[in-house]
Amino acid sequence: MDMLICAACARPLTEAVRLLDTVPERPGYDGLPGPDGRRRPPATMPRARYAVEPEHRGAPFVACEDEDAYDGTYPGGPWRSDERGLLVSAGLRGQYVLHPDDVLPLGFHPEIRRLVGCCGPAGDDGVNRVCACGAEVATAYADCCGPYETLFVPDAVRVVPAPEAPA
Ligand SMILES: [Zn+2]
Ligand SMILES: [Zn+2]
């Protein structure tokens with residue numbers, strides 16, 4: 001098992017997780033409140049697993065070049081548009097995707113704009129979670145119109161072996 005630690009201060013940021021080859025297909029939001037009453041889809045990832053997101057994710061966004069083939073800000077992702085037309089993500093690729101419950105408590109980004117969404121953080125305005133040292137490490141997605149997952153910035157974290165669980 002692995003864990004993610006902060007590249008700046010080496011604090012552990014996650015529970016022990018095992019790498020999956022691919023990101024599972026994201027379950028859509030069925031319109032029903034989750035077990036905790038919040039409106040959002042089931043989590044993308046099973047517990048205790050992580051995967052590398054192959055797609056561009058998050059800010060910044062650029063105009064989609066072929067609007068007829070538009071499939072969201074990333075394939076299968078939520079739609080977004082502004083005066084430029086339909087938008088696709090030009091954000092980081094290769095981010096680590098985890099179940100939010102496998103993420104240790106992180107601080108909120110001081111820029112309030114990054115934390116907003118409809119029912120939870122939409123995650124589209126940049127990194128919205130910070131390490132206790134202040135490093136911008138992760139983006140929490142927990143809105144009704146997007147996935148339920150937390151993405152870690154590859155350059156802000158290191159993957160290390162997790163300590164053995166006590167027998
Ligand atoms: Zn840190
Ligand atoms: Zn909502």
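Here is a tour of the structure, stop by stop, with what to select and what you'll find there. Keep in mind that this is a predicted model.

**Stop 1: the zinc ion called ligand 1**

Start by selecting the zinc ion (ligand 1) and showing the side chains around it. Its protein donors are the SG atoms of C6, C9, C131 and C133, lying 2.3 Å from the ion. Turn on angles if your viewer has them: the 4 donor atoms subtend 100 to 113 degrees, which makes the arrangement tetrahedral. Along the chain these donors follow the spacing C-x2-C-x121-C-x1-C. Now pick out C6 and C131 as a pair that links distant parts of the chain: C6 is in strand β1 and C131 is in the loop between β9 and β10, 125 residues apart. Are they buried or exposed? C6 has 0% relative accessibility, so it counts as buried, and C131, at 4%, counts as buried too.

While you're here, click on A10, in the loop between β1 and β2. Its phi is near 70 degrees, a positive value in a residue other than glycine. A10 counts as partly exposed because its relative accessibility is 41%.

**Stop 2: the zinc ion called ligand 2**

Next, select the zinc ion (ligand 2). Which protein atoms act as its donors? They are the SG atoms of C118, C119 and C144, at 2.1 to 2.2 Å from the ion. In sequence, the donor residues are spaced C-C-x24-C. Colour by accessibility and compare two of them: C118 counts as exposed at 59%, whereas C119 counts as partly exposed at 27%.

**Stop 3: the seven-stranded sheet**

Switch to cartoon view. Look for an open sheet of 7 strands with mixed pairing, running in the order β2-β3-β7-β11-β10-β9-β8. The edge strands are β2 (18-19) and β8 (107-108), and each pairs on one side only. Zoom in on β8, which pairs with β9 (residues 129-130) in the antiparallel sense over 2 bridges. Select G107 and you'll find V130 of β9 standing opposite.

**Stop 4: the nonpolar cores**

Show side chains for L13, Y96, L98, L106, V137, F152 and V157. These have the most contacts inside the largest nonpolar core, which has 18 residues. Strands β1 (2-6), β7 (96-98) and β10 (136-142) each supply at least two residues of this core. Another core, of 6 residues, lies apart from it, and V23, A51, V97 and L151 are among its members.

Now focus on L106. Not counting residues up to four places away in sequence, L106 touches L13, R129, V130, V137, A138 and F152.

**Stop 5: R114**

Move on to the loop between β8 and β9, where you'll find R114. Is this arginine buried or exposed? R114 has a relative accessible area of 14%, so it is buried; the cut-off for that label is under 20%. Follow the R114 side chain and you'll see that it reaches the backbone oxygen of V127 at 3.1 Å. Leaving aside neighbours within four places in sequence, R114 is in contact with H109, D125, G126, V127, N128 and E136.

**Stop 6: H99 and A48**

Select H99, in the loop between β7 and β8. H99 is buried, because its relative accessible area is 10%. Its side chain reaches the backbone nitrogen of D101 at 2.9 Å. With neighbours within four places in sequence left out, the contacts of H99 are A43, M45, P46 and R47.

Add A48 to the selection and draw a C-alpha to C-alpha distance: H99 and A48 are 7.6 Å apart in space and 51 residues apart in sequence. A48 is in the loop between β2 and β3 and has a positive phi of about 65 degrees, although it is not a glycine.

**Stop 7: the three-stranded sheet and a cis bond**

Finish at the open sheet of 3 strands, which has the order β4-β6-β5 and antiparallel pairing. β4 (61-63) and β5 (81-82) are at the edges with a single partner strand each, so one side of each has no neighbour in the sheet. β5 pairs with β6 (residues 85-89) over 2 bridges, and the bridge partner of D82 in β6 is G85.

Last click: P60, in the loop between β3 (49-52) and β4. The peptide bond from A59 to P60 is cis, with omega near -5 degrees.

Terms used:
Residues are numbered from 1 along each chain as its sequence is written. Chains are lettered from A and ligands numbered from 1 in the order in which they are written. This is a predicted model: local features need pLDDT of at least 70, side-chain atom pairs count only at pLDDT 80 or more; totals for chains, interfaces and linings use all residues. Side-chain values use heavy atoms; hydrogens and water are left out. Donors are N, O and S atoms within 2.8 Å of the metal (3.2 Å for Na, K and Ca); water is not among the atoms, so sites may look incomplete. Buried means under 20% relative accessible area, exposed over 50%, partly exposed in between (1.4 Å probe, protein chains only). Two strands pair if DSSP finds at least two bridges between them. Helices (H or I, at least four residues) and strands (E, at least two) are DSSP runs, numbered from the N terminus. A nonpolar core is a set of buried Ala, Val, Leu, Ile, Met, Phe, Trp, Tyr and Cys residues joined through side-chain atoms within 4.5 Å. Contact means heavy atoms within 4.5 Å. A polar contact is a pair of N or O atoms within 3.5 Å; within protein, one must be able to donate a hydrogen and the other to accept it, and residues adjacent in sequence count only if both atoms are side-chain atoms. Four donors count as tetrahedral if all angles lie between 85 and 135 degrees; four count as square planar and six as octahedral if opposite donors are over 155 degrees apart and all others between 65 and 115; anything else is irregular.
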